[in-house]
Amino acid sequence: IPVAAFMERLSGISRMDELKADQCAVATLFRAGYNPRALITLLARAERHQKEAYGKGYGKAKFVQFWLG
């Protein structure tokens, strides 16, 4: 089973759920007067920060953090 399918089954959150959440976030940002494309920059910065914080263990730390909250 590919990792994405495994995580989908484990979490109960489908790719469609994630897509709907992303669409809602973009619409909300637009209605609030923000540039929705800035969300891409924000998420990229957050991921880069996490990679710097966890180093080589980023993937494992991200998986553990996801499940332990």
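A residue counts as buried when its relative accessible area is under 20%, as exposed when that area is over 50%, and as partly exposed in between. The exercises below use a predicted model.

**Exercise 1. State what share of the protein chain is buried and what its surface consists of.**

Solution. Step 1: apply the 20% cut-off to the 69 residues of the protein chain; 4% of them count as buried. Step 2: take the exposed area, which is about 6100 Å². Step 3: assign that area to atoms; carbon and sulfur supply 62% of it.

**Exercise 2. Describe the secondary structure of the protein chain and say where confidence is lowest and highest.**

Solution. Step 1: count the elements; there are four helices and zero strands. Step 2: read them along the sequence, which gives α-α-α-α. Step 3: take the chain average; the mean pLDDT is 78, and 78% of the residues reach 70 or more. Step 4: rank the elements; α4 (residues 58-68) has the lowest mean, 60, and α2 the highest, 90. Where pLDDT is low, the predicted coordinates should not be read in detail.

**Exercise 3. Compare the spans of helices α2 and α3 with the expected values, and find what follows each helix.**

Solution. Step 1: the expected span is 1.5 Å times one less than the number of residues. Step 2: α2 (residues 15-31) has 17 residues, so 24 Å is expected, and its first and last C-alpha atoms are 24 Å apart. Step 3: α3 (residues 38-54) also has 17 residues and should span 24 Å; its end C-alpha atoms lie 25 Å apart, which agrees. Step 4: look past the helix ends. Gly-33, just after α2, has a positive phi of about 95°. Gly-55 follows α3, and its phi is positive too, near 65°.

**Exercise 4. Classify Glu-8 and Asn-35 by accessibility and list their contacts.**

Solution. Step 1: place Glu-8 in helix α1 (residues 3-11). Step 2: its relative accessibility is 29%, so Glu-8 is partly exposed. Step 3: leaving out residues up to four places away in sequence, Glu-8 touches Ile-13, Ser-14 and Arg-15. Step 4: place Asn-35 in the loop between α2 and α3. Step 5: Asn-35 has a relative accessible area of 47%, so it is partly exposed. Step 6: a polar atom of the Asn-35 side chain lies 2.9 Å from the backbone nitrogen of Arg-37.

Conventions. Residues are numbered from 1 along each chain as its sequence is written. This is a predicted model: local features need pLDDT of at least 70, side-chain atom pairs count only at pLDDT 80 or more; totals for chains, interfaces and linings use all residues. Side-chain values use heavy atoms; hydrogens and water are left out. Helices (H or I, at least four residues) and strands (E, at least two) are DSSP runs, numbered from the N terminus. Buried means under 20% relative accessible area, exposed over 50%, partly exposed in between (1.4 Å probe, protein chains only). Accessible areas come from the Shrake-Rupley method with a 1.4 Å probe; for residues, only the protein chains shown count as cover. pLDDT is the predictor's confidence in each residue, from 0 to 100. A polar contact is a pair of N or O atoms within 3.5 Å; within protein, one must be able to donate a hydrogen and the other to accept it, and residues adjacent in sequence count only if both atoms are side-chain atoms. Contact means heavy atoms within 4.5 Å.
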